[in-house]
Amino acid sequence: MTKLIIAIDGGAGTGTSTVARGVAERLKLPHLNTGELYRGITFLVLQNGINPIDSAEILKLAKTIDFGFDDSNVVTVNGYDVRGKLHQEDINEQVAVVSSHEPVRDEILHLQRNFANEHGVVMEGRDITTRIFPETPYKFYFTCDPEERVRRVNAGGRAHETVASLLKRDAADAAKVVGTFKQADDATVIDTTNRTIDEVVSFIVELVKPN
């Protein structure tokens, strides 16, 4: 039996993570937070004193990595309890470097696909519809007005984003050689600017749920 795989791409503040969690809950599917996987590898890289630009050594580490999950969150990495540790400043500074190595991304790609093929999944990110699961018929690409995106990102004082910095980040993601951020040709585009979370969740669930 083919497992249900739902792929969602979109920039910061478009609602991808919140909607993905809601869809996963409604359809009783796992929600895999891909960013946490790369943060987990970065944690191990720093823990083992590996240079973040050393692709060969990081790949060796990635081949032995074992994640423990609680819902969509990574809670252990190779036996280390990483709860509350994956968003510390040292990891924030190095995760982009660690995740830029194509062989490392390929290794994580296999992990993501194996997980999805075994359990089914709702997964969101920047290249989920174009690189990780291009074959799934359930691909969604979120757009949103930049000012609304900034308002969401900065809600609660957790960040200090501007429209200029947000669009600059989008452009940088789109220019990446690996992990490129772009819209899949056959993705369903959803503008979340004036939609509630529940409206978007319900729209996706109605499209993908078995008859």
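This passage looks at a helix, a buried arginine and a small set of strands in a predicted model.

Helix 8 is a good place to begin. This helix covers residues 163-174, and with 12 residues at 1.5 Å a residue a span of 16 Å is expected; the end C-alpha atoms are indeed 16 Å apart, which agrees. Leu 166, Asp 170 and Asp 173 are the buried residues to note in helix 8. Viewed down the helix axis, the buried residues fall within an arc of 65°, so they line one face of the helix. Ala 164 and Lys 168, by contrast, lie on the other side of helix 8 and are exposed.

What covers the buried face? Part of the cover of the buried residues of helix 8 comes from helix 7 (146-154). Helix 7 holds Arg 149, and this arginine has a relative accessible area of 5%. Because buried means under 20% relative accessible area, Arg 149 counts as buried. Leaving aside residues up to four places away in sequence, Arg 149 touches Leu 166 and Asp 170, and its other contacts are Gly 11, Ala 12, Gly 13, Thr 14 and Cys 144. Leu 166 and Asp 170 are themselves buried in helix 8.

Attention now turns to the strands. An open sheet is built from 3 strands, in the order 3-4-5, with antiparallel pairing. Strand 3 (67-70) and strand 5 (80-81) stand at the edges with a single partner strand each, so one side of each has no neighbour in the sheet. Strand 4 (residues 73-77) runs antiparallel to strand 5 and is joined to it by 2 bridges. Across from Thr 76 stands Asp 81, in strand 5.

Key
Residues are numbered from 1 along each chain as its sequence is written. This is a predicted model: local features need pLDDT of at least 70, side-chain atom pairs count only at pLDDT 80 or more; totals for chains, interfaces and linings use all residues. Side-chain values use heavy atoms; hydrogens and water are left out. Helices (H or I, at least four residues) and strands (E, at least two) are DSSP runs, numbered from the N terminus. The expected span of a helix is 1.5 Å times one less than its number of residues. Buried means under 20% relative accessible area, exposed over 50%, partly exposed in between (1.4 Å probe, protein chains only). The arc is that of the directions from the helix axis to the C-beta atoms. Contact means heavy atoms within 4.5 Å. Two strands pair if DSSP finds at least two bridges between them.
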